[in-house]
Every structure is written in structure tokens, then in C-alpha cells.
Amino acid sequence: MPLNDEHFMRLALAEAATAAAAGEVPVGAVVVAADGGTVLAATHNRPVSGHDPTAHAEILALREAAARLGNYRLDGCTLYVTLEPCTMCVGALVHARVARVVYAAEEPKAGSLRSARQLMEPALGGWFNHRFAWQGGVLADESAALLQAFFRARRADAAGRA
């Protein structure tokens with residue numbers, strides 16, 4: 001694993017912690033430019049606060065990076081995200097033409113790179129007009145711990161109100 005992968009995933013984890021503090025599911029995302037060192041976007045989930053079901057960390061990061069570059073195509077860019085992307089986000093990543101996706105924890109119910117669906121596998125995703133490389137498991141334990149703590153607290157809150 002390149003050292004930069006861990007560095008940029010730590011930035012995404014910091015964004016995920018910000019999301020948790022705001023009551024959002026703790027997912028963070030960072031887009032790094034093709035030069036491998038310039039952060040174009042760093043953000044976190046905001047569907048609750050934004051009243052927007054599409055406000056996943058990945059989507060917001062792609063929007064921010066595209067605006068910064070002045071182009072919806074993010075050729076050569078890498079997205080770092082703390083949770084395996086869902087189907088919606090994989091579709092957006094294809095349209096953005098990212099080169100690579102690095103995620104931390106797997107998402108067994110909605111993950112669309114390895115877990116629930118394998119949308120980028122040639123036999124299954126051959127219809128896409130763009131393909132990107134991907135890797136999972138970078139700082140997975142840290143991301144999973146943040147998610148588990150968030151949902152444990154949410155369940156405790158719900159039990160306290162019952």
C-alpha cells in the first residue's frame with residue numbers, strides 16, 4: 001500500500017468524524033488530483049442536514065473537485081472514501097472518469113465494488129463507458145470502529161427514548 005493511501009485515508013477519516021459529530025453517518029471522502037498530492041476536495045456525508053438523499057460524501061467530493069478544476073471529468077484523480085461506495089456513487093465515479101478509488105471498510109448491504117455488488121468486474125460491469133481501478137481495506141479497522149460507535153450510540157439513544 002503506498003504511503004499516500006494511508007495519509008489521504010486519514011484525511012477522509014477526519015471528515016467522517018466531523019460527520020458523526022454532526023449526527024450524520026460517519027463517511028468521509030477526499031479527491032486527490034492526478035499529481036498524487038493535491039487535495040481537490042475533502043468532505044463528508046450530509047444527507048440529513050442537507051435534506052438531500054444524494055449528499056453522500058463521494059458525491060459531494062466529486063462536485064467540489066469538479067468545480068475546483070472547472071471540469072466534470074476528473075481524469076487521473078483518486079477518490080479516498082471511508083466506506084465502500086454504493087451503486088449511486090459508483091455510477092457517479094464512472095461519469096466523473098476518476099482513475100482510482102480507495103476505500104476503507106466494506107459495506108456488506110450496499111457496497112457496489114466488492115461486497116453486495118461487483119459493478120466494476122468486467123463480466124458484470126462491461127457496459128460502463130469508463131473503468132477505474134479500486135482497492136479496499138485501507139485503514140478499514142479505524143473506519144469500521146467509527147461506524148460501529150456511531151450506530152451503537154444511535155441505538156442507545158433510541159432505546160433511552162422508548
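Is Asp5 buried or exposed? I began with this residue and found that Asp5 is buried, with a relative accessible area of 1%. I note at the outset that the model is predicted.

**Entry 1. Asp5**

I located Asp5 in helix H1, which covers residues 3–21. The cut-off for a buried residue is under 20% relative accessible area, and Asp5 is therefore classed as buried at 1%. I then looked up the partner of this side chain. The side chain of Asp5 makes a polar contact with the side chain of Arg100, at 2.6 Å. Leaving aside residues up to four places away in sequence, I listed what Asp5 touches: Tyr80, Arg100, Val102, Gln135 and Val138. Arg100 thus appears both in the polar contact and in the list of residues touched.

**Entry 2. The nonpolar cores**

I turned next to the nonpolar cores. The largest one has 29 residues, and those with the most contacts inside it are Val31, Leu74, Leu79, Val98 and Phe132. Which elements give two or more residues to this core? I recorded strands E1 (28–32), E2 (39–44), E3 (78–83) and E4 (100–105), together with helices H3 (57–69) and H4 (87–96). Helix H3 gives the most, with 5 residues.

A second core, separate from the largest, has 11 residues. Met9, Ala12, Leu13 and Val138 are among them. Val138 had already come up in my notes as a residue that Asp5 touches.

I followed Leu79 of the largest core further. Not counting residues up to four places away in sequence, Leu79 touches Ala29, Val30, Val31, Glu58, Ala61, Leu93, Arg100, Val101 and Val102. Arg100 and Val102 are also touched by Asp5.

**Entry 3. Val98 and Arg97**

I examined Val98, which lies in the loop between H4 and E4. Val98 counts as buried because its relative accessibility is 1%, and the cut-off is under 20%. Which residues does Val98 touch, not counting those up to four places away in sequence? I found Leu62, Leu74, Cys77, Leu93, His130, Arg131 and Phe132. Leu74 and Phe132 are named, like Val98, among the residues with the most contacts inside the largest core. I also checked a C-alpha separation: Val98 and Gly76 are 22 residues apart along the chain, and their C-alpha atoms are separated by 6.0 Å.

Arg97 is found in the loop between H4 and E4 as well. Its phi is near 65°, a positive value in a residue other than glycine. Arg97 counts as buried, at 15% relative accessibility.

**Entry 4. His51**

Where is His51 placed? I found His51 in the loop between H2 and H3. His51 has a positive phi of about 50°, although it is not a glycine. The cut-off for exposed is over 50%, so His51, at 73% relative accessibility, counts as exposed. Arg97, by contrast, counts as buried.

**Entry 5. The largest pocket**

I closed with the largest pocket, which has a volume of about 480 Å³. Of the 22 residues that line this pocket, the closest to its centre are Val25, Val27, Leu83, Glu107 and Leu147. Helix H2 (47–50) and helix H6 (140–161) each supply at least two residues of the lining. Which element gives the largest share of the lining? I noted H6, with 5 residues. By class, the lining has 12 nonpolar, 3 polar and 7 charged residues.

Terms used: Residues are numbered from 1 along each chain as its sequence is written. This is a predicted model: local features need pLDDT of at least 70, side-chain atom pairs count only at pLDDT 80 or more; totals for chains, interfaces and linings use all residues. Side-chain values use heavy atoms; hydrogens and water are left out. Helices (H or I, at least four residues) and strands (E, at least two) are DSSP runs, numbered from the N terminus. Buried means under 20% relative accessible area, exposed over 50%, partly exposed in between (1.4 Å probe, protein chains only). A polar contact is a pair of N or O atoms within 3.5 Å; within protein, one must be able to donate a hydrogen and the other to accept it, and residues adjacent in sequence count only if both atoms are side-chain atoms. Contact means heavy atoms within 4.5 Å. A nonpolar core is a set of buried Ala, Val, Leu, Ile, Met, Phe, Trp, Tyr and Cys residues joined through side-chain atoms within 4.5 Å. On a 1 Å grid over the protein atoms alone, a cavity is a set of points where a 1.4 Å probe fits but cannot get out, and a pocket is an open set with protein on both sides within 12 Å along at least five of seven lines; lining residues have an atom within 4 Å of a point. Grid points are joined across faces, edges and corners, and a volume is the space filled by probe spheres set on the points. Ala, Val, Leu, Ile, Met, Phe, Trp, Tyr, Cys and Pro count as nonpolar, Asp, Glu, Lys and Arg as charged, and the others, Gly among them, as polar.
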